[in-house]
Amino acid sequence: ADPNTLDPNSTHYDPILVGKSSFLNANWYTFGTLVFMAIWIFFAWKMRQISLDEDTNGTTDWNHHHRLRIWAAAFLPIAGFTSAAVVWQWVMSVDSHWYSTLFAWYCGASWFVSAIALGIMSLAWLKSKGYYERVSSEHLHDLGKFLFAFSIFWTYLWFSQFMLIWYGNNGEETVYFFERMNNYPVLFYGNLAINFILPFFILMRNDTKRKYGTLIFASILVLFGHWLDFFLMIKPG
């Protein structure tokens, strides 16, 4: 960033960036990123170690399962706070004048529905290799319901963020959507079509959520759609 934006005597002085400079600066960006990633990697490594130990030394007393639940519960509040800070730091800072109180929830829903889609595809691939013999069409149906429900939940958050900004008509907020609607209309409206309209109609019927082909197609669509969503958040800025 131009250091003149922090100088009150400069013609490039930017009071909004000055107000955010304690968070939006190179030191915090670098240090925060390293700390957050280290915490995530540590918890992932720890839970993987327990899982591997269960494969080789597992017993019928569910001891490994209980240990995993404790580590997972400990990570939940950490994941909640650090994931919000990360999307503010990595994504929202690209449009440094803009802000939204729903942004962390919006990105969190996008991550969650993408994780479900990736989980469905991973499970289908593993079953094709002979694993998970007890996973049936009923399990697929449950995962399909999650994919369907959280696609709708993501759309609810998208609409809530857009509608409040449109209704408030505050220039500092509307500029974000104005840029995307006018200069990236195909991506802007295509984002809604891929992430809501298509999954909604594909997964609405019960039988489609029990079929591998349909469910994998919907999962690929959703995973690509949420990649496109993050592309649209970052590229125009």
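Which residues lie nearest the centre of the largest pocket? In this predicted model, Ser 83, Gly 108, Ala 109, Trp 111 and Phe 112 hold that position, within a lining of 15 residues.

**Overall fold**

The protein chain contains eight helices and zero strands, so that reading along the sequence gives the pattern α-α-α-α-α-α-α-α. The C-alpha trace of the protein chain spans about 70 × 40 × 25 Å along its principal axes.

**The largest pocket and the α3–α4 contact**

The space in the largest pocket amounts to about 410 Å³. Three helices, α3 (63–90), α4 (103–128) and α5, each supply at least two residues of the lining of this pocket, and the largest share, seven residues, comes from α4. In terms of class, the lining of the largest pocket divides into 12 nonpolar residues, three polar residues and no charged ones.

Two of the helices named for the pocket, α3 and α4, also pack against each other, with axes that come within 9 Å and cross at roughly 105 degrees. Because angles of 65 to 115 degrees count as roughly perpendicular, α3 and α4 are therefore roughly perpendicular to each other. In this contact, Ser 83, Ala 84, Val 87 and Trp 88 in α3 meet Phe 103, Ala 104, Cys 107 and Trp 111 in α4, and the residues by class are seven nonpolar, one polar and no charged. Ser 83 and Trp 111 thus appear in the contact of α3 with α4 and also among the residues nearest the centre of the largest pocket.

**Packing of α5 with α6 and α7**

Helix α5 (residues 137–168) packs with helix α6 (residues 171–183) at an angle of about 110 degrees, their axes being 9 Å apart; α5 and α6 are therefore roughly perpendicular to each other. The crossing in which α5 passes α6 is left-handed. On the α5 side the contact is made by Gln 161, Phe 162 and Ile 165, and on the α6 side by Glu 173, Thr 174, Phe 177 and Met 181. By class, this contact of α5 with α6 comprises four nonpolar, two polar and one charged residues.

With α7, helix α5 packs at an angle of about 145 degrees, the axes lying 9 Å apart, and this crossing is also left-handed. Among the residues of α5 that make the contact are Leu 147, Phe 148, Trp 154, Trp 158 and Phe 162, while those of α7 include Phe 188, Asn 191, Phe 196, Pro 199 and Phe 200. The contact of α5 with α7 has 12 nonpolar, five polar and no charged residues.

| Helix pair | Angle | Axis distance |
|---|---|---|
| α3 and α4 | roughly 105 degrees | within 9 Å |
| α5 and α6 | about 110 degrees | 9 Å |
| α5 and α7 | about 145 degrees | 9 Å |

**The cavity**

A search of the whole structure for cavities of 30 Å³ or more finds one, and the space in the largest cavity is about 110 Å³. The lining of this cavity is formed by Phe 103, Tyr 106, Trp 158, Gln 161, Tyr 176, Phe 177, Arg 180, Phe 188, Asn 191, Asp 229, Leu 232 and Met 233. Two or more of these residues come from each of α4, α5, α6, α7 (185–203) and α8 (212–234), and by class the lining of the largest cavity has eight nonpolar, two polar and two charged residues.

Several lining residues of the cavity recur in the helix contacts: Gln 161 and Phe 177 take part in the contact of α5 with α6, whereas Trp 158, Phe 188 and Asn 191 take part in that of α5 with α7. Phe 103, which also lines the cavity, belongs to the contact of α3 with α4.

Conventions: Residues numbered from 1 in each chain as written. Predicted model: local features only at pLDDT ≥ 70, side-chain atom pairs only at ≥ 80, totals over all residues. Heavy atoms only, no water. Axes fitted to C-alpha atoms, helices over the stretch in contact; angles between N-to-C directions. Helix = DSSP H or I, 4+ residues; strand = E, 2+ residues; numbered from the N terminus. Parallel < 35°, antiparallel > 145°, perpendicular 65-115°, else oblique. Left-handed = near helix turned anticlockwise from the far one by under 90°. Contact = heavy atoms within 4.5 Å. Nonpolar A, V, L, I, M, F, W, Y, C, P; charged D, E, K, R; others polar. 1 Å grid on protein atoms, 1.4 Å probe; cavity = no way out; pocket = protein on both sides within 12 Å on 5 of 7 lines; lining within 4 Å. Points joined across faces, edges and corners; volume = space filled by probe spheres on them.
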